[in-house]
Structure formats: structure tokens, C-alpha cells
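Please look over the model below. The report that follows covers its overall build, its open and closed spaces, and a few backbone details.

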Amino acid sequence: MGYSMASIKNKEALIENGESPSDKKARMLALSSFEHALKAVDPKQIIKSKIRLDNSKLLVNDYVFDIDRFENIYVVGGGKASGSMAEALEHVLGSRIREGVVNVPHGSSHKTEIIKLHGASHPVPDEAGVEGAQHIIELTEKAKENDLVVCLISGGGSSLMPLPRNDVSLADKKEITDMLLKSGATINEINTVRKHISNIKGGWLAKKAYPATILNLILSDVIGDPLDFIASGPTVPDSTTFKDAIKVLKKYNLWEKAPASIRKVLSDGEKGVIPETPKPDDKTFKKVFNVVVGNNRTASLAACNYLKSEGLNTLLLTTTLEGEARHVGVMMASIIQEIGFSGNPLKKPAAVVAGGETTVTVTGKGVGGRNQELALAAIPKINGINGAVLASMSTDGIDGPTDAAGAIVDGKTLAKAVKRGLAPEEFLAENDSYNFFSKLEDLIFTGQTGTNVNDITVIVVL
């Protein structure tokens with residue numbers, strides 16, 4: 001199996017968009033740091049480095065599994081990175097795998113021989129996802145006490161493994177997902193609702209697999225790596241309740257707008273009419289082993305290490321970045337200004353890396369993603385600063401409902417926009433960052449990266 005460094009398809013063109021030699025160099029450094037970050041969280045690389053077979057012993061971090069003691073090994077799961085993970089796991093375990101089903105995004109290019117890769121939709125679920133989730137349930141229910149179920153979980157699994165609960169239809173689930181995505185709710189809040197209208201998430205998949213042993217291999221896309229929020233935690237105990245899910249919908253004024261079937265399931269659950277999601281004291285979880293194989297910190301540190309190797313004074317600001325994208329963009333731009341004014345928190349040449357995931361409250365009619373909106377908001381504040389760049393991207397290569405991973409700006413972006421009759425504030429008001437950056441040819445394109453560990457924002461000041 002070959003391993004390649006993930007790349008930015010239009011990297012050279014983005015570098016050439018810089019007007020001065022300093023702008024070009026700053027763009028090159030920021031974009032190259034992204035490529036190093038993506039390489040560090042390539043699921044194939046991670047599986048290769050963290051999981052190995054020594055005769056009959058499967059070694060995973062501090063865990064040792066004697067696979068000769070298991071009658072069958074099944075593989076299930078879902079997420080944007082789960083296709084890469086499945087391909088790599090087959091390389092390790094080969095024919096020892098009896099059967100597998102993993103839900104991956106439509107168009108996934110990964111190839112497996114034993115594990116079936118089932119295409120599904122993200123971020124809004126589809127019927128194909130339901131079909132795949134049902135196959136996953138059927139497979140886990142086949143598992144017996146002496147079987148091992150390896151569960152491959154990564155970000156995007158919530159949408160890619162839909163299995164609506166009770167009378168909730170897929171259309172209802174699509175509707176509430178779309179409403180939550182546009183509301184400004186955090187991924188944790190969105191997944192709190194998803195878990196309680198699902199028959200597979202929030203620990204239910206583990207219940208179906210019991211009494212088999214479960215090994216969860218998790219690539220985290222949630223800040224702080226709370227296991228029950230990554231892909232809505234299908235095989236781990238749930239820390240949230242029906243009451244919490246209702247609170248989320250009321251917080252964003254969505255309770256009255258939510259489909260009646262969803263309100264009924266959540267209300268019935270709060271009253272105890274239907275069972276709560278499995279909790280930590282459930283016997284199911286005594287046979288579940290969890291390994292976070294990679295996360296945003298892994299990627300952010302790789303970006304930092306590259307920038308340091310290029311001679312920049314480098315700071316990893318945070319891997320828990322949250323907030324409205326436009327506000328975070330202004331904040332990151334203010335750090336660029338401060339470095340130029342005072343050499344604080346770093347003297348030039350400087351680089352600051354911030355990982356996490358911002359949100360966008362959609363009020364306009366435009367098209368964009370949180371990373372593009374973050375970059376758009378930063379433009380006025382860095383205007384005129386030579387050799388200063390801000391770039392922001394989603395590590396899965398898909399920023400919002402667009403085909404771009406993110407965007408890059410520098411101190412000349414505003415002047416270029418004005419020359420073309422583009423007013424950044426007007427595009428920001430319409431949440432139309434994609435069309436703004438498309439006109440300036442400053443969108444970052446990677447295609448589907450096969451990984452997913454939140455977002456990374458990099459600023460470079462030379």
C-alpha cells in the first residue's frame with residue numbers, strides 16, 4: 001500500500017496570487033503547513049503507525065488482543081475518514097476479517113476487498129445512508145460472545161449513518177439537521193439531538209453488538225475528543241439526555257419549528273415512555289475498548305513543526321478554537337496587527353496556528369463555509385500589511401456545502417477586491433464567502449482528503 005502526502009491542488013496558483021515576494025513566501029509557508037498537517041492525520045499513515053499484527057497479537061496503543069481467541073472479526077463504522085481507515089485495516093488484518101460494512105461519502109475512491117464501502121450523503125443524510133446503517137446493524141447483531149467487532153469512527157459519521165428512531169422519517173431528520181446546521185449550534189449540540197432520534201447512535205450500536213468485544217478506532221473531529229460526540233458516539237455511553245436535546249432545540253428557537261415526529265420522540269423520551277440512550281453503567285461497555293488514533297492536535301502540531309523548521313517563531317495558540325467564524329477572523333487578524341506593531345506574542349518572522357471548529361449563523365442567501373467566512377472577515381483588518389497571510393481550511397477538504405477546503409488572504413486582498421468592484425462587507429452580510437473568493441481565485445482546493453480532524457487556521461507574518 002502506498003502512502004502519499006495530501007496536497008493542495010491549486011497551491012502554485014495561490015502562491016502566485018501574492019503580489020510581493022514576501023506575500024508569495026508567506027502564502028507558500030501557510031499552504032505547505034496545511035499539507036504537513038494533512039499528512040500527519042492521513043488515516044493510512046496513522047493505522048500503519050499505531051496498529052500492528054505480531055503473530056496472533058493485535059497491538060493497538062496499550063491494548064493487546066489475541067485474535068486467535070476470536071471466532072470472527074467484523075468491521076463496521078462510518079465517517080469521512082472511515083474509507084481510508086478500512087483500506088489500511090485490511091492491509092493489517094487481511095483475510096482474518098470475516099466481513100465488514102462501512103458507510104463513506106459518495107464518490108469515495110478507496111478500495112477494499114473484504115469490507116464493503118457503502119456510499120452515503122454528508123452533511124444531510126440520505127436513503128443510501130439508512131440502507132448502509134441497517135446493514136451495519138445486521139452485521140453487528142450477528143456477532144457473538146467470542147467475536148471481535150472493530151468499529152471505524154470518524155467525523156461525518158452522524159450524517160453518514162442515519163437510522164431514524166420510532167416514527168421519525170428520514171425527511172424529518174434531514175429537515176432538523178439542516179435547521180441545526182444553519183442555526184449556529186455547535187457540533188456537540190447538533191449531535192445531542194441526533195443521538196436521541198437515532199437507533200444506531202448514542203451507544204445503540206454497542207448494545208446491538210453485545211456480548212461481542214468492540215475495538216473502537218476513532219479519528220476525532222470534535223474539540224477535546226469527547227467520545228460520545230464523535231460521529232454521535234454509536235459505540236460509547238451517552239453523556240446527554242432527551243432533556244438536553246429539547247434544550248438545544250429551544251435554545252435556537254427550533255422546538256416549535258421541528259417536525260412533530262421529532263418533538264414526540266424527544267417528549268416521550270423525557271417522560272420515560274421510551275428508553276434513554278445507554279449510559280456508562282450499562283454492562284455493554286465493559287467489553288468496549290476506545291482508541292483515539294488522531295485528532296486536531298496531531299494535525300496542528302505537524303503544521304507548527306513545519307513552520308518552525310522553516311525558521312519562523314511559531315506558536316500553537318489553541319486546538320479548541322470555537323465561536324462565530326466572522327468574529328474569530330477579526331480576532332486572528334488582530335494578532336497579525338499586534339505582531340507587526342509590537343512583536344507580541346511573537347517577533348517576526350512569525351507563525352500562529354489555531355485548530356478547532358467555528359460556526360456560522362446563516363442569515364444571508366449566499367454560499368460559503370466557516371473557514372471561508374473566517375478569512376473574509378479578516379480582510380479589512382490586515383489591509384496594507386506586507387508579507388502577512390491568513391489561511392483557514394477544513395481538514396476534510398469540504399468547507400460547508402462547497403467544493404473548497406477554505407480560503408487564503410493577505411494584506412493586498414482588499415485592494416484587489418476593490419479594483420474588481422467587490423466589497424467584502426457585502427459578501428459577508430450575505431454569507432457569500434465562496435463567491436467572493438472564487439472571483440479572486442483565492443479558494444483552497446484539495447478535494448476529499450480522506451481525513452477529518454476539524455479546521456486549521458494559520459497566520460504568517462514575515
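## Model and elements

Helices (H or I, at least four residues) and strands (E, at least two) are DSSP runs, numbered from the N terminus. By that scheme, Asn-55 sits in the loop between strand E1 (51–54) and strand E2 (57–60). The model is predicted.

The protein chain holds 17 helices and 15 strands.

## Overall build

The chain has 462 residues and a radius of gyration of 22 Å, which agrees with the value near 23 Å for a compact globule of that length. Along the principal axes, its C-alpha atoms fill a box of roughly 65 × 55 × 35 Å.

Buried residues account for 61% of the 462. The exposed surface comes to about 17600 Å², and 48% of it is supplied by carbon and sulfur atoms. Contacts reach far along the sequence: of those between residues at least 6 apart, 79% join residues at least 24 apart.

## The largest pocket

What is the volume of the largest pocket? It is about 930 Å³. The lining takes in 45 residues, and the closest to the pocket centre are Pro-123, Leu-181, Arg-370, Gly-400 and Pro-401. Four helices each give two or more residues to this lining: H6 (157–160), H7 (170–183), H8 (187–196) and H14 (370–378). By type, the lining residues split into 15 nonpolar, 20 polar and 10 charged.

Rolling a probe the size of a water molecule over the atoms shows where empty space is left.

## Helix H14

Is helix H14 enclosed or open to the outside? Nine of its nine residues are buried, so H14 is largely enclosed by the rest of the structure. The buried set runs through Arg-370, Asn-371, Gln-372, Glu-373, Leu-374, Ala-375, Leu-376, Ala-377 and Ala-378. Arg-370 thus appears twice in this report: it is buried in H14, and it is among the residues closest to the centre of the largest pocket.

## Closed cavities

How many cavities of 30 Å³ or more does the whole structure contain? A search finds three. The largest cavity encloses about 60 Å³.

Its lining consists of Thr-186, Ile-187, Asn-188, Ile-223, Glu-322, Glu-357, Thr-359 and Asn-454. Two of these residues are nonpolar, four are polar and two are charged.

## Backbone exceptions

Most residues other than glycine have a negative phi, and most peptide bonds are trans. The model has exceptions of both kinds.

Two cis bonds fall in one loop. The bond from Asn-344 to Pro-345 is cis, with omega near 5°. The bond joining Lys-348 and Pro-349 is also cis, with omega about -5°. Pro-345 belongs to the loop between helix H13 (325–342) and strand E11 (350–356). Pro-349 is placed in the loop between H13 and E11 as well.

Two asparagines carry a positive phi. Asn-55 has phi near 55°. This residue is exposed, at 67% relative accessible area. Asn-166 has a phi of about 55° and lies in the loop between H6 and H7. Its relative accessible area is 45%, and Asn-166 counts as partly exposed.

## Two loop residues

Thr-112 is in the loop between strand E5 (99–105) and strand E6 (115–120). Its relative accessibility is 22%, and the cut-off for buried is under 20%, so Thr-112 counts as partly exposed. Beyond its neighbours within four places in sequence, Thr-112 is in contact with Ala-86, Glu-87, Glu-90 and Leu-117. Val-248 is 136 residues away along the chain, and the two C-alpha atoms are separated by 39 Å.

Leu-254 occupies the loop between helix H10 (242–251) and helix H11 (260–271). Is Leu-254 buried or exposed? It is buried, with a relative accessible area of 7%. Not counting residues up to four places away in sequence, Leu-254 touches Met-179, Leu-180, Ser-183 and Leu-249. Leu-254 and Glu-441 are 187 residues apart in sequence, and 37 Å separates their C-alpha atoms.

Conventions:
Residues numbered from 1 in each chain as written. Predicted model: local features only at pLDDT ≥ 70, side-chain atom pairs only at ≥ 80, totals over all residues. Heavy atoms only, no water. 1 Å grid on protein atoms, 1.4 Å probe; cavity = no way out; pocket = protein on both sides within 12 Å on 5 of 7 lines; lining within 4 Å. Points joined across faces, edges and corners; volume = space filled by probe spheres on them. Nonpolar A, V, L, I, M, F, W, Y, C, P; charged D, E, K, R; others polar. Rg over C-alpha atoms; globule rule 2.2 N^0.38 Å. Buried < 20%, exposed > 50% of the residue type's maximum accessible area, 1.4 Å probe, protein only. Contact = heavy atoms within 4.5 Å. Areas by Shrake-Rupley, 256 points an atom, 1.4 Å probe, with all protein chains shown as cover.
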